[in-house]
Amino acid sequence: MQTFAAQFANAHDLMVVMPMVMLTLFACGVLIIDLLLPAGDKRWNAATAALGLLFAGGSLWRVQATLAHQGMLGVSAFNGSVVMDPMAIFFCWLFLIATGITILISVRYMEIEQEDHGEYYALMLFSVVGMMCMASGKDIVLLFIGLELMAISTYVLVGFLRRDKRSNEAALKYLLLGAFSSGIFAYGLSLMYGLSGTTDVTLIGRRLAGLPESSHPILMLAVVTTLAGLFFKIAAVPFHQWAPDAYEGAPTAITGFMSVAGKAAAWALLLRIFAFALRYEQTIWMPMVIAVAVMTLTGGNLAAMTQNNLKRLLAYSSIAHVGYMLLGLVAWNETGIKGILVYLLVYTFMNLGAFAVIVSLRRRDLIGDEIDDIAGLWFKRPVEALLMVIFLLSLGGIPPLAGFYGKYFIFLSLIETGHYVLASLAVFYIAVSLYYYLRIINAMLMRPALDAEPIQPAFGLRLALWVTALATVGIGLFPEIFIRAAAWTMTAPRAVTQAFLR
Amino acid sequence: MPTWAQFVLLSAAKSVVVIIILLTAVAYAVWLERKVVGRMQNRWGPTRVGPFGLLQPLADGIKFILKEDIIPTNVYKPLYIAAPMISVALALMSIAVVPFGEQLRFGSFSTPAQITDVNVALLVLLGVTSVAVYGVALAGWSSNSKYSLLGSLRASAQMVSYEASLGLSLIGVLLLSGSLSLREIVNGQSGTYFGFLPRWNFFPQFIAFFVYLTAAFAETNRIPFDLPEAETELVAGYHTEYSSMKFAMFFMAEYTNMFTVACVGTLLFFGGWHGPALTFLPMVVQSFVPLFWFAFKIFLFLFLYIWIRGTLPRFRYDQLMAFGWKVLLPIALANIVLTSLYIGLTTP
Amino acid sequence: MMHTVLFIIFAVVCVAAAINLLAQRHPINSALSLIVVMGSLALLYLLLGAEFVAAVQIIIYAGAIMVLFVFTIMLLNAGEEELSKSSRVAIVFGVPAVAVIVAALAYILSRGAGTAALGDFIGGPKEIGRLLFRDFLLPFEVTSVLILIAIMGAVVLARREER
C-alpha cells in the first residue's frame with residue numbers, strides 16, 4: 001500500500017505544493033460556507049478567504065524555511081513538474097499580499113454593488129492557485145494550466161457585476177481575446193515540445209540550443225508565437241487592446257487585482273520561459289522585445305494622456321509600466337531582472353493603493369471612476385487625497401517614494417549594458433507620465449467637488465490604504481532596510497542570473 | 001491476393017453478414033414487442049400475416065417502402081435528408097466492434113466472431129453513441145416544426161445528460177478488468193466465484209449495472225424515458241415530419257441501438273458468450289454454443305425492455321433531468337470511488 | 001502506402017471542412033463542418049497510432065462540446081449571418097493576410113520538416129494513464145480545479161436574479 005501510493009506522490013511533494021493545496025481547500029470552504037450564511041451577512045466569506053491566505057502564507061513560510069535551512073537553491077516535486085525556488089517563492093508572497101489587500105478593499109465595495117457572493121472570494125483564491133502554478137511550474141503543461149486557471153477565474157471576476165453592461169462587455173472581450181492568445185501561446189509551446197521532445201523547461205532550453213540549422217525556421221516560429229502569447233498576457237503594445245476595456249468594466253477591486261497580481265503572474269511565467277526555455281535564443285527574441293518595449297512605452301504613455309476615466313487612465317499607465325519592465329528584459333543582466341522583481345513588488349503596493357482610493361469613491365448612486373468624481377477630494381477627505389498623491393507620485397517615479405527604486409534598477413541595468421538611447425527615451429516618458437498623474441492630483445487639490453456628499457471609506461478599505469501607503473513610503477525611505485530584510489528574496493534574481501544567464 | 005485486399009474483403013463480408021442478421025433481428029424485435037406487450041395488455045398482438053403474425057415485419061417493410069415519401073415545404077432539405085441516414089449509419093457502426101463469440105472455424109479457416117477487434121473498443125462505442133445525438137437533433141431542427149424541435153431538444157438534452165452516467169457506470173467494470181478491449185473484458189469473466197457463481201461483473205458491480213441499465217434506457221429513448229417522442233404532448237417528437245422509409249430509418253436506428261446496448265450490457269456485466277458448456281451436443285454444433293448463449297442473453301435483455309415498457313409510466317421532464325443529474329450521476333461516482341478503493345487496498 | 005493515401009484523404013477532408021466552416025453563412029452548417037474537422041483529426045490521430053486520443057477526441061469534441069454548440073444554435077434559432085460593411089472590409093484585407101500567413105507557415109514547416117520527432121510516445125490507454133498519474137500528476141490534478149472553476153464561473157454568470 002505504502003509503496004503503491006509512493007509511486008505517485010509523497011509527503012515531500014505535498015509539502016512543496018502545500019500553499020496551493022491550502023488555497024484550494026479554503027476556496028472550496030468559502031463555497032460551502034457561502035451556502036450556510038444568510039443573505040446580507042456574507043462577510044464571513046471574506047474572513048474565510050483571508051484565513052486561507054494566512055494558512056497558505058504559513059505553508060509557504062515552511063517551504064522557505066526548509067530551503068534556507070538546507071541551503072538549497074530550490075526544491076522540486078512531482079517528478080520535476082513544479083519547483084519552489086527563490087523566484088517562485090518571491091512571486092507567491094507577492095500574490096498572497098496582493099490578494100490580501102484586494103480582499104480588504106472588496107468587502108464593502110461588493111456590498112455596495114450588491115454582488116457580495118462567496119464565489120467572488122473563491123474565484124480569487126482559485127486564481128491565486130493558478131498564479132502559483134505559473135510562478136513555480138517547471139513543466140510547460142503545468143505552466144499552461146496555471147495560466148488558464150488564472151485567466152478563467154479572472155474572466156468570471158471581470159464579469160461579476162452582472163447588472164452592469166460594461167462589466168459584461170469587458171468579460172466577453174477579455175474572454176475572446178484571452179482564449180485567442182492562449183491558443184497562440186499553446187501553439188508556440190506545442191512547437192517547442194515538438195522540437196525538443198520534452199515538456200521540462202530546462203531540458204527544452206538545452207535541446208533547443210542543440211538544434212540543427214535546418215530547424216531554425218520552426219524554432220523562430222515557436223519563439224514568435226510563444227512571445228506573442230506572453231506579450232498579450234502582460235498587456236504589451238500591440239497586444240494590449242483588451243486591457244483598457246477589461247480594466248474599465250471590471251469591478252474596481254478586481255481591476256486592481258488584475259493589474260497587480262495577474263500582471264506579476266504573467267511576468268513570472270514570462271521570466272520562467274525566457275530564463276529556461278528560451279535561454280539560448282536571445283538573438284531571436286531580443287529585437288522583438290526591444291521593439292515591443294519601445295511601442296509599449298510610447299503607446300501606454302501617450303494613450304494615458306487623453307483619458308478621462310480613472311480606471312482607463314490607470315490601465316494605460318499600467319501598460320506603460322510594463323514598458324519599463326520590458327526594458328529590464330532588454331538589459332538581461334542581474335540588475336535588470338532584479339529591477340523587474342523590485343518593480344513588480346513596489347507596483348503592487350502603489351497601484352493597489354491608487355485603486356483603493358478609487359474604490360472609496362463608489363457610492364450607491366455613483367460609480368465614481370471619472371476624473372470629475374475625484375475632483376475636490378482634498379476638501380472632503382484630506383487624508384485619502386494625500387495618500388492618493390503619494391501613490392500617484394510613486395507611480396510617476398518621484399525619488400523618495402518606492403516607485404523610484406523600480407525604475408532606478410531598470411535604468412541602472414540599461415546603462416550597465418550600454419543602452420543609452422533606450423534609457424533616455426524612458427526618462428523622457430517619465431516626464432510624460434508625470435503629466436497625466438499630475439492631472440489627477442490637480443483635480444483632487446485644485447478643483448471644487450461636484451457634490452457635497454461625504455465619503456465614508458469602510459474599515460477594511462482604510463486598513464488597505466494605510467498598508468499600501470506605509471509600504472510605498474517605507475520602501476522609498478528605507479530601501480536598504482527593505483533590501484536587507486528581503487535579502488533572502490534577493491537571491492531570487494541572483495539565482496536566476498547565476499544559473500541561467502551566460 | 002495482397003494482405004490488405006484480403007483484410008478488406010473479409011471485413012466487408014463480415015459486415016454484410018452481421019448487418020443482415022442485425023436488421024432481421026431488429027424486425028423481429030418489433031414483432032416480439034408487439035406480441036409481448038399485446039399479451040401483457042390482454043390482447044393478441046399481430047395475428048393475421050403468417051402463423052402467429054410471423055410475417056408481419058415483412059409486411060411492415062413493404063408498406064414503408066411503398067408509401068409516398070413526403071418532404072414538407074419549409075424543411076431545411078440537406079439536413080432533413082441527412083438526419084435519418086446519420087442515425088442509422090451510426091447505429092449500425094457501433095455494432096462493428098462488438099464481439100459475438102470466440103473464433104469461428106470453417107475447416108482450416110478461422111476468424112474472430114467480430115467485425116473488427118479494436119483495443120479501445122469500449123471507447124469507440126461510447127464515441128459513436130455520443131455522436132448519435134446529431135441524427136435526432138438535426139432531424140428536429142431541420143423539420144422546421146415546433147413539435148419536432150421540442151422533441152429533438154428534449155432528446156439531445158436527455159442523451160447528453162445520461163451519457164455522463166452511462167460512461168461513468170462502465171468505469172467500475174474497466175477498473176476490475178483493466179482493459180478497454182471488449183474481448184478481454186469478456187475473457188476476464190470466465191470461471192466462477194466460490195465454485196458456483198459465474199464470475200460475471202454483475203455480481204461485484206450490480207450498482208454499476210443498475211446505473212448502466214437506467215442510462216441505457218434513456219439513451220435509447222425507451223419508456224420510461226421516451227419523452228422525445230411523447231405522443232400525448234409532441235405528436236411524435238423529432239420524427240413528426242418524417243414519413244415512409246425516412247421514418248423507418250429512425251425506427252431501425254432506435255431498435256439497433258437497443259441491440260447495441262443489450263450487447264454491451266451482456267459483454268460487460270454478464271460474461272458475454274460464456275455459459276454452461278452443452279457437451280451432449282454434436283461437435284458441429286459445439287462451436288455455435290457460445291453464439292447461442294450470447295443471443296439468449298440478448299433476448300433476455302430485450303424481454304426486459306419490453307416488460308418495462310408494458311409496466312412503467314413516463315417520467316415528467318424535470319423529474320427526468322433531476323433523476324439523471326442528482327441521483328444517477330452521484331451513484332455512479334460513488335461506485336467508482338468504492339471500486340477503486342477496493343482495488344487500491346487489495347492490490348499489493 | 002496505405003497510410004499515406006489515408007492520411008491525404010483525411011487531411012484534405014479536414015482542411016476542406018475547415019474552409020467550409022468559414023465560408024458557410026448559416027451557423028449550423030459551420031458547426032457541422034467543425035464536427036467533420038474534429039472527426040477527421042481523430043482519424044489522423046488514429047493513423048499515428050494514438051487510438052486512445054482518437055477515441056477521446058471524438059467523445060469529447062464531437063460528442064460533447066459540439067453537441068452543446070448545435071444545441072445552442074437550435075435553442076437560439078440563429079439565422080443566417082448577415083454581411084455588414086466591416087465584414088466586407090475584413091474579407092478584403094483578411095483573405096490576403098491569411099494567404100500570406102499560410103504561405104509563410106507552409107514554407108517554414110516544409111523547410112524544417114523531418115527534423116521534428118514525436119518522441120517515444122505510445123498512445124495506449126495504459127501509457128497515457130501512467131503519464132497522467134505519474135509524470136503529470138500535478139498538472140492533472142490542477143486541471144480538476146480548472147474544470148471546477150469553469151463550471152462555477154458559468155453558474156455565476158448565468159445565475160438568475162434573486163431580487
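**View 1. Confidence along chain A of the predicted model.** Chain A averages a pLDDT (the predictor's confidence in each residue, from 0 to 100) of 86. In chain A, 94% of the residues score at least 70. Among the elements of chain A, helix 7 (residues 140–158) has the highest mean, 93, and helix 23 (residues 491–500) the lowest, 50. Helices are DSSP runs of H or I, at least four residues, numbered from the N terminus. Where pLDDT is low, the predicted coordinates should not be read in detail. This is a predicted model: local features need pLDDT of at least 70, side-chain atom pairs count only at pLDDT 80 or more, and totals for chains, interfaces and linings use all residues. Residues are numbered from 1 along each chain as its sequence is written, and side-chain values use heavy atoms, without hydrogens and water.

**View 2. Helix 8 of chain A and its two ends.** Helix 8 (residues 165–196) has 32 residues. From first C-alpha to last it reaches 46 Å, close to the 46 Å expected at 1.5 Å a residue (1.5 Å times one less than the number of residues). Asp164(A) caps the N-terminal end: a side-chain oxygen lies 3.0 Å from the backbone nitrogen of Arg166(A). Gly197(A) follows the helix, with a positive phi near 75°.

**View 3. Lining of the second largest pocket.** Closest to the pocket centre, of 42 lining residues, are Met93(B), Val124(B), Phe10(C), Leu43(C) and Leu46(C). Helix 2 of chain C gives the most to this lining, nine residues. The lining divides into 34 nonpolar, seven polar and one charged. Nonpolar means Ala, Val, Leu, Ile, Met, Phe, Trp, Tyr, Cys and Pro; charged means Asp, Glu, Lys and Arg; the others, Gly among them, are polar. A pocket is an open set of points on a 1 Å grid over the protein atoms alone, where a 1.4 Å probe fits, with protein on both sides within 12 Å along at least five of seven lines; lining residues have an atom within 4 Å of a point.

How values were computed
Chains lettered and ligands numbered in written order. Polar contact = N/O pair within 3.5 Å; in protein donor to acceptor, adjacent residues only side chain to side chain.
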